[in-house]
Amino acid sequence: MSRGTADAVVIGGGIIGAATGYYLARQGLKVVLLERAFPCAGSTGRCIGGIRAQFTHDLTIRVMLESIKMFQELDEELGVDIEWYAGGYLFLAFDEQRKQSFLQAIEIQKRYGLKVEFISKEECCRIVPGLNAEGLLGGAWCPTDGQANPFKVTYGYLEGIKRFRGEVLVCQEVKRINVIGGKVVSVVTADGNEFFTPVVLNAAGPWAEDVGKLAGVDVPVKPDRHEALVTEAVERCLEPMLVDYRPDGCYFVQHYGTGHFIGCYTPVPIVPGHNLDASDEFITEMPRRMVRLLPKLALVKVLRHWAGSYEMTPDGNPICSGTPVEGFYVSAGMSGHGFMFGPALGKLMAELIVQGRSTIDLNEFRLDRPWTKAEAMK
Ligand SMILES: Cc1cc2nc3c(=O)[nH]c(=O)nc-3n(C[C@H](O)[C@H](O)[C@H](O)COP(=O)(O)OP(=O)(O)OC[C@H]3O[C@@H](n4cnc5c(N)ncnc54)[C@H](O)[C@@H]3O)c2cc1C
C-alpha cells in the first residue's frame, strides 16, 4: 500500500488512455496511468489497425482528418516506427441503396476536403486485382486512409508518458474513486494504493460504464463481441482495407510490411456482453467470406483467431467529455474505431482537460447529449 499524488490519473492502458496521458504529460502535467492488466490487454490489442476518415458524422470526419495528419507524423513524435501506411479504404457497394448511402456520405466528406470518390466496378478491380466483382456497382474510395500497428502506437505513447516524468503502472485495478463535495479527490487500487489528484480520466474502454459507477457517473457504454483472424504471410497483393457491408460481408487488409491478412466482420445479430470466447461460426464463415471477395486467397492459411469488444454508445459515437463530477472526465465508447481516433482524441481531450476547451470542439461528443445523430459508416 502506498500513497502518491498526480496532476492527472488516467484509468486504462489502451490506445485512448495512452494517447491522452501522453498529451497531458506533454503539456506538463504529472500523469499516473493505472492499468488493471497490461497495456493493450483490452480492445486495443485485438483490433486490426485500420485508419480512415470515411465517416458521416461531421465531428468524426474532422477528428479523423486530424488523426491521420498525426499518424503521418507519429514516428517522429514518438521515436517509434508505428508502421503507418496509406493503402486506402475501399467500401464496396453491391446494391443501389448502399451506393446511394455512399454517395451521400461522400458529399459530406468532401465538404471537409477529404479526397474521396465513388469509383466504377472497373476501377475497383484495378485497385484490387483479382477482386470478385460479381454484382458490384462500384465503391467509395479514399486513398489517404490507411493502417498502422496498434501495439507500437500504444507503447510509443506509454513510453512518451514516462519521458515526460509520468508513471505507467500495470496490474493496478482502480476499485474506488473518492469524490468529496462534487469533486474528484483520489483513486484507490485493488492493492490499496491511493493517488491524490484533481483530475481522473476514465479511459477504461469496454469497462467504462463500471469505472463511471465508481465516481457515481452513468457512462452508457456497452461492449459487444467482434472476432478477427490473421492469416499466414504471403506476397503482397492487396493495398487497401476492403470493406463489404453486406449482411454476410467482411472487411480485411493485408499488412503492408509483413504480408499477413487481418480482418473481421460484424456479426448479425450482435453479441452483447464481455464474453470473449472465439466462435466456430466465425472461423468457418470469415475465410469463406474473404475468399468470396478475393478468390486467390483460397490457399492462404489462417494462423490465429480471437475476439474483442467494440464499445458502443447509444448513437455509436464516442463520449469525450467532462461529467457532473468536477475533475472526472470520460473518453470512451469508441465503437470499432478507437485506435484510429486515438491520436486526435488524445490531444483534444488533453486540451479540454487542461485549457477547458479543445481546438476541435468536442461538444457533440458530450455525455449529456440526446444520442440522436448516429454514425452511418460504423
Ligand atoms: C476485432 C476488432 C477489430 C477492430 N478494428 C479496429 C480498427 O481497424 N481500427 C480502429 O480504429 N479500431 C478498431 N477496433 C476498435 C478498437 O480496438 C477500440 O475502439 C479501441 O482499442 C478502444 O481503446 P480504449 O483505450 O478505449 O480501450 P481498451 O483498449 O479496451 O483499453 C481499456 C483498458 O482499461 C483497462 N481497465 C478497465 N477497467 C480498469 C480499472 N478499473 N482499472 C484499471 N484499468 C482498467 C483494461 O484492462 C484495458 O486495458 C477493433 C476492435 C475489435 C475488437
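In the predicted model, the protein chain is divided into two domains, and both are assembled from separate stretches of sequence. Domain 1 comprises residues 3-49, 150-220 and 315-365, whereas domain 2 comprises residues 86-143 and 222-310. The C-alpha centres of domain 1 and domain 2 are 30 Å apart. Eight residues of domain 1 and 12 residues of domain 2 take part in the contact. On the side of domain 1 that touches domain 2, three residues are nonpolar, four are polar and one is charged.

The ligand lies between the two domains, because domain 1 and domain 2 both give residues to the shell around it. This shell holds 42 residues, of which Gly 14, Gly 42, Gly 205, Gly 308 and Gly 338 come nearest to the ligand. Two or more residues each are given by α1 (15-26), β14 (222-233), β18 (302-312) and α8 (338-355). Strand β18 provides the largest share, with four residues. By class, the shell around the ligand is made up of 21 nonpolar, 16 polar and five charged residues.

Turning to the sheets, six strands form an open sheet in the order β9-β3-β2-β13-β20-β19, and the pairing is mixed. Its edges are formed by β9 (167-169) and β19 (319-322), each of which pairs on one side only. Neighbouring strands of this six-stranded sheet are turned against each other by 15° on average, direction ignored. At the β9 edge, strand β3 (residues 31-34) runs parallel to β9 and is joined to it by three bridges. Within this pair, Val 32 of β3 is placed opposite Glu 167 of β9.

A further open sheet contains four strands in the order β1-β12-β11-β10, again with mixed pairing. Strands β1 (3-5) and β10 (174-180) each have a single partner strand, so one side of each is left without a neighbour in the sheet. The twist from one strand to the next averages 25° in this four-stranded sheet. The pairing of β1 with strand β12 (residues 194-196) is parallel and extends over three bridges. Arg 3 has Glu 194 in β12 as its bridge partner.

Strands β15, β16 and β17 are linked by antiparallel pairing, with β16 paired to both β15 and β17. Strand β15 (residues 241-244) is connected to β16 by a hairpin of six residues, and the two strands share two bridges. In this pair, Val 243 has Tyr 251 of β16 as its bridge partner. Strand β16 is joined to β17 (residues 260-265) by four bridges, and the bridge partner of Gln 254 is Phe 261 in β17. The hairpin of β16 and β17 has five residues between the strands, and Gly 259 there takes a positive phi near 90°.

The side chains of β16 (residues 251-254) alternate in direction. Tyr 251 and Val 253 point one way, Phe 252 and Gln 254 point the other way, and all of these residues are buried. Two of these buried residues are also the bridge partners named above: Tyr 251 pairs with Val 243, and Gln 254 pairs with Phe 261.

Note on methods: Residues are numbered from 1 along each chain as its sequence is written. This is a predicted model: local features need pLDDT of at least 70, side-chain atom pairs count only at pLDDT 80 or more; totals for chains, interfaces and linings use all residues. Two strands pair if DSSP finds at least two bridges between them. Axes are lines fitted to C-alpha atoms, for helices over the stretch in contact, and angles run from 0 to 180 degrees between N-to-C directions. Domain bounds come from an automatic or database domain assignment. Two residues are in contact if their C-beta atoms, placed from the backbone, lie within 7 Å. Ala, Val, Leu, Ile, Met, Phe, Trp, Tyr, Cys and Pro count as nonpolar, Asp, Glu, Lys and Arg as charged, and the others, Gly among them, as polar. A residue is near a molecule or strand if its C-beta atom, placed from the backbone, lies within 6 Å of it. A residue is buried if 20 or more other C-beta atoms lie within 10 Å of its own, exposed if 12 or fewer, and partly exposed in between; C-beta atoms are placed from the backbone.
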